[in-house]
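Please open the model in a viewer and keep the sequence panel beside it. The tour below proposes a series of selections and describes what is found at each stop.

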Amino acid sequence: MIPLRSIHIRNPDALPEGFPFDLPIIRTMEEVYFTAPVTLLVGENGSGKSTLLEAIGSSASLPTIGSVAIDRDETLATAHELARHLVLTWNKRAHRGFYLRSEDFFGFALGTNRTIQELGELAETFEPGTDARATIDGQRDALVRQYGDLDAQSHGESFFHVFARRINGDGLYLMDEPEVALSPQRQIALIALVMDAVNQGAQFIIATHAPILMAIPGAQILVLTESGIVPTPWDQVEHVQLTRDFLADPDIFLRYL
């Protein structure tokens with residue numbers, strides 16, 4: 001049983017004016033039911049998929065993979081406003097999971113490496129063999145075992161490494177365009193990682209433009225349009241059709257550029 005059953009807007013006729021409440025998908029949104037362990041939010045830039053995902057993360061109080069906690073992130077101020085009008089209905093309340101925006105990962109990597117360095121420097125101020133030194137060394141070693149040296153890996157490698165470490169069994173995992181740092185091969189590896197977690201009871205809601213990720217077996221694809229949120233089969237998603245047509249004959253698209 002997936003954790004999050006559905007979302008809907010509380011009192012849609014009483015929404016405030018301005019962004020993000022003037023987005024068509026917010027004004028027209030009826031209750032959205034999550035019918036599969038993996039849901040893909042698909043739409044053009046500006047359609048509101050990231051905003052909706054942010055509001056779900058804020059309402060669920062999920063930890064972030066970033067440099068700032070979700071409830072203190074000033075860049076998510078509009079998401080917090082929307083979250084106050086968003087009702088989450090649970091099958092079972094998720095206590096594991098995370099919320100990730102791809103652009104936040106740099107801050108997470110910098111913060112993690114800085115913490116590892118600072119713990120190392122702090123440990124040096126205590127004599128070897130003392131309880132304080134052992135405690136600090138233990139904290140530093142735990143971070144190194146968990147994440148390794150994120151600076152020593154490529155962006156895509158470190159991105160995937162953190163996914164592999166932080167996706168851990170049942171829970172709710174929200175990802176905003178995780179494909180940004182991933183090669184096609186890594187996107188396929190991410191699908192395998194997601195499917196393994198699904199078998200342990202995990203639920204994923206992913207905002208994406210990537211046809212590869214949209215092909216996750218059994219995934220529910222919700223396309224955000226001007227007229228509402230439309231469940232759509234993979235082979236009928238415009239992103240998939242356009243990518244397929246382009247790869248079949250790039251010259252048709254490029255000859256007039």
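The stops run from the whole chain to individual side chains.

**The whole chain**

Begin with the entire protein chain, which is a predicted model. Its secondary structure amounts to 10 helices and nine strands. Of the 257 residues, 46% count as buried. The chain exposes about 13100 Å², and carbon and sulfur atoms supply 52% of that area. Among contacts between residues at least 6 apart in sequence, 73% join residues at least 24 apart.

**Confidence**

Next, colour the chain by pLDDT. The mean is 83, and 82% of the residues reach 70 or more. Select strand β3 (residues 38–42), where confidence is highest, at a mean of 97. Then select helix α4 (residues 105–123), where confidence is lowest, at a mean of 62.

**A buried threonine**

Select T208, in the loop between β7 (202–207) and α8 (211–214). Is this residue buried or exposed? T208 has a relative accessible area of 0% and is therefore buried. Display its side chain together with the backbone of A210: the T208 side chain reaches the backbone nitrogen of A210 at 2.9 Å. Now show the residues around T208, leaving aside neighbours within four places in sequence. The contacts of T208 are then L40, L41, V42, K49, E179, L213 and M214.

**Three salt bridges**

How many salt bridges does the structure hold? There are three, and each can be selected as a pair.

Start with E17 and R27, whose side chains meet with an N to O distance of 4.0 Å. E17 lies in the loop between β1 (4–9) and α1 (24–27), while R27 belongs to helix α1, so this salt bridge ties together parts that are 10 residues apart in sequence. E17 counts as exposed, at 69% relative accessibility; R27 is partly exposed, at 36%.

Move to E81 and R84, where the closest N and O atoms of the salt bridge are 2.3 Å apart. Here E81 is partly exposed, with a relative accessible area of 34%, and R84 is exposed, at 52% relative accessibility.

Finally, select R96 and D170, a salt bridge with its closest N and O atoms 3.6 Å apart. This pair links distant parts of the chain, 74 residues apart: R96 sits in the loop between β4 (86–90) and β5 (97–101), and D170 in the loop between α6 (155–166) and β6 (171–176). R96 is partly exposed, at 43% relative accessibility, and D170 is likewise partly exposed, at 34%.

**A nonpolar surface patch**

For the last stop, switch on the molecular surface and select L242, F246, L247, I252, F253, L254 and L257. These residues form a nonpolar patch on the surface, with about 720 Å² of accessible area together. Which elements give two or more residues to the nonpolar patch? They are α9 (238–248) and α10 (250–254). Within the patch, pick out F253, which is found in helix α10. Its relative accessible area is 33%. Buried means under 20% and exposed means over 50%, so F253, at 33%, is partly exposed.

Key
Residues are numbered from 1 along each chain as its sequence is written. This is a predicted model: local features need pLDDT of at least 70, side-chain atom pairs count only at pLDDT 80 or more; totals for chains, interfaces and linings use all residues. Side-chain values use heavy atoms; hydrogens and water are left out. pLDDT is the predictor's confidence in each residue, from 0 to 100. Helices (H or I, at least four residues) and strands (E, at least two) are DSSP runs, numbered from the N terminus. Patches are made of residues with over 30% relative accessible area and no salt bridge: like charges are joined within 9 Å, nonpolar side chains (Val, Leu, Ile, Met, Phe, Trp, Tyr) within 5 Å. Accessible areas come from the Shrake-Rupley method with a 1.4 Å probe; for residues, only the protein chains shown count as cover. Buried means under 20% relative accessible area, exposed over 50%, partly exposed in between (1.4 Å probe, protein chains only). A polar contact is a pair of N or O atoms within 3.5 Å; within protein, one must be able to donate a hydrogen and the other to accept it, and residues adjacent in sequence count only if both atoms are side-chain atoms. Contact means heavy atoms within 4.5 Å.
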